[in-house]
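Biologist: Could you take me through this model step by step, giving your reasoning before each answer?

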Amino acid sequence: MVDLFLNRVLVENNWDQDELNTEREIIGILENRILMLFFASAECGKCQDFLPVLNDFFKRLKDPAYIEYPKLLALVYISLDQSEAQQGRFLKELHKRVLFLAFDDPYRKDLQAKFKVQDVPTVVVLRPDGSVLSPNAVQDICRFGCDCFRDWQESAELIERSFMLNEEFDNLNVRTVTEPVRRLKYKTEDDKRKKQWWKLWGKGRDRSEEEEKEDEEEAKDATWDRKRKEGDKGTWWRR
């Protein structure tokens, strides 16, 4: 999936609109993440209606104000606008952690053709290996909200140590059918790590105890030898 944007320039939707154009920067922000490609246009009424839903979905998974551990997720806006001004207006409404391609980058059209996008809004979801998880997840995001990411995460076999949302997340008690399976999978992996750690720590502790015992025995022997010598001297003087 990282290969999709290598040798390309991604722009951060922040105040400075920082450009990510080195291989290290692209890998750092996209590697081992589920990638969402958001195809939309400012003049599309459906896109405008979907925009606040997508923003809420994204911020609850990435914004530290809503979640303690941001998820392994990236969102790239692929503009299908007719002018740079239209793209700029749409970007102002998008979350600041979203990435995008510059308006004059012809790669936008290449991606549209590659993923056969014919209607907007479209959200193409990709696994970390670049394969398609969902050709258009708009309806799922509208219906299921953040539960979508949990299903994507499970399907992509993307393992995280922290997968629970922050307590501020609405409807926190609502669980999906697959949640017990995910919990068991993560718990099993954690238990394996804990057992390995305790085993190694136990070996180290056993070695330390054995060394301590050896030191104690040597100290006792040295004390005994010293006392015996002193005792022999006392006996000699008495004689």
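Modeller: The turns below go from the sheet to its central strands, and then to single residues and rings.

Biologist: Before we begin, what kind of model is this, and in what order do the seven strands of the open sheet stand?

Modeller: This is a predicted model. Its seven strands form an open sheet in which the pairing is mixed. Read across the sheet, the order of the strands is β2-β1-β5-β4-β3-β6-β7.

Biologist: Which strands stand at the edges, and why is one side of each left without a neighbour?

Modeller: A strand of the sheet may have a neighbour on either side, but two strands here each have a single partner strand, so one side of each is left without a neighbour in the sheet. These edge strands are β2 and β7 (132-134).

Biologist: Which strands does β3 pair with, and in which sense, parallel or antiparallel?

Modeller: Strands of a sheet pair through backbone hydrogen bonds, either parallel or antiparallel. Seven bridges join β3 to β4 (residues 73-79), and these two strands run parallel, with phenylalanine 39 having isoleucine 78 as its bridge partner in β4. Over five bridges β3 also pairs with β6 (residues 122-126), in the antiparallel sense, and there methionine 36 has valine 125 as its bridge partner. The partners are therefore β4, parallel, and β6, antiparallel.

Biologist: Which residues stand opposite leucine 35 in β4 and in β6?

Modeller: Leucine 35 belongs to β3, where its side chain points the same way as those of Leu37 and Phe39. In β4 the residue opposite leucine 35 is alanine 74, and in β6 it is leucine 126.

Biologist: How many residues of β3 are buried, and which way do they point?

Modeller: In a regular strand the side chains alternate between the two faces of the sheet. In β3, Ile34, Met36, Phe38 and Ala40 point one way, whereas Leu35, Leu37 and Phe39 point the other way, and all are buried. The count for β3 (residues 34-40) is seven of seven residues buried.

Biologist: How many residues of β4 are buried, and which way do they point?

Modeller: Leu73, Leu75, Tyr77 and Ser79 point one way from β4, and Ala74, Val76 and Ile78 point the other way, all of them buried. The strand is mostly covered, and the number of buried residues is seven of seven.

Biologist: Which helix lies in the β-α-β unit with β3 and β4, and which helix does the chain pass through from β4 to β5?

Modeller: The unit made by β3, a helix and β4 is right-handed, and its helix is α2 (residues 45-62). Two bridges join β4 to β5 (residues 99-100), which run parallel. The chain crosses between those two strands in a right-handed β-α-β crossover, and the helix on this path is α3 (residues 84-93).

Biologist: Is asparagine 13 buried or exposed, and which backbone oxygens does its side chain reach?

Modeller: Asparagine 13 is found in the loop between β1 (10-12) and β2 (19-20), and it is buried because its relative accessible area is 3%, under the 20% limit. Beyond four places in sequence, asparagine 13 touches Leu91, Leu94, His95, Lys96, Val98 and Phe100. Its side chain reaches the backbone oxygen of leucine 94 at 3.3 Å, and a polar atom of that side chain lies 3.2 Å from the backbone oxygen of histidine 95.

Biologist: How far apart in space are valine 53 and glycine 145?

Modeller: Valine 53 is found in helix α2 and counts as partly exposed, at 32% relative accessibility. Leaving aside neighbours within four places in sequence, valine 53 is in contact with Ile141 and Cys142. Valine 53 and glycine 145 are 92 residues apart in sequence, while the C-alpha to C-alpha distance is 8.4 Å.

Biologist: Which aromatic residues are linked into a cluster, and which charged residue sits over the ring of phenylalanine 103?

Modeller: The structure holds six aromatic pairs, and ring pairs link Phe38, Phe50, Tyr77 and Phe90 into a cluster. Lysine 114 has its charged end over the ring of phenylalanine 115, 5.8 Å from the ring centre. Over the ring of phenylalanine 103, at 4.7 Å from its centre, sits the charged end of arginine 108.

Terms used. Residues numbered from 1 in each chain as written. Predicted model: local features only at pLDDT ≥ 70, side-chain atom pairs only at ≥ 80, totals over all residues. Heavy atoms only, no water. Phe/Tyr/Trp six-rings, centres within 6.5 Å; stacked < 30°, edge-to-face > 60°. Lys NZ or Arg CZ within 6 Å of the ring centre and 35° of its normal. Helix = DSSP H or I, 4+ residues; strand = E, 2+ residues; numbered from the N terminus. Buried < 20%, exposed > 50% of the residue type's maximum accessible area, 1.4 Å probe, protein only. Polar contact = N/O pair within 3.5 Å; in protein donor to acceptor, adjacent residues only side chain to side chain. Contact = heavy atoms within 4.5 Å. Pairing = 2+ DSSP bridges. Right-handed = clockwise from strand over helix to strand, strands pointing away.
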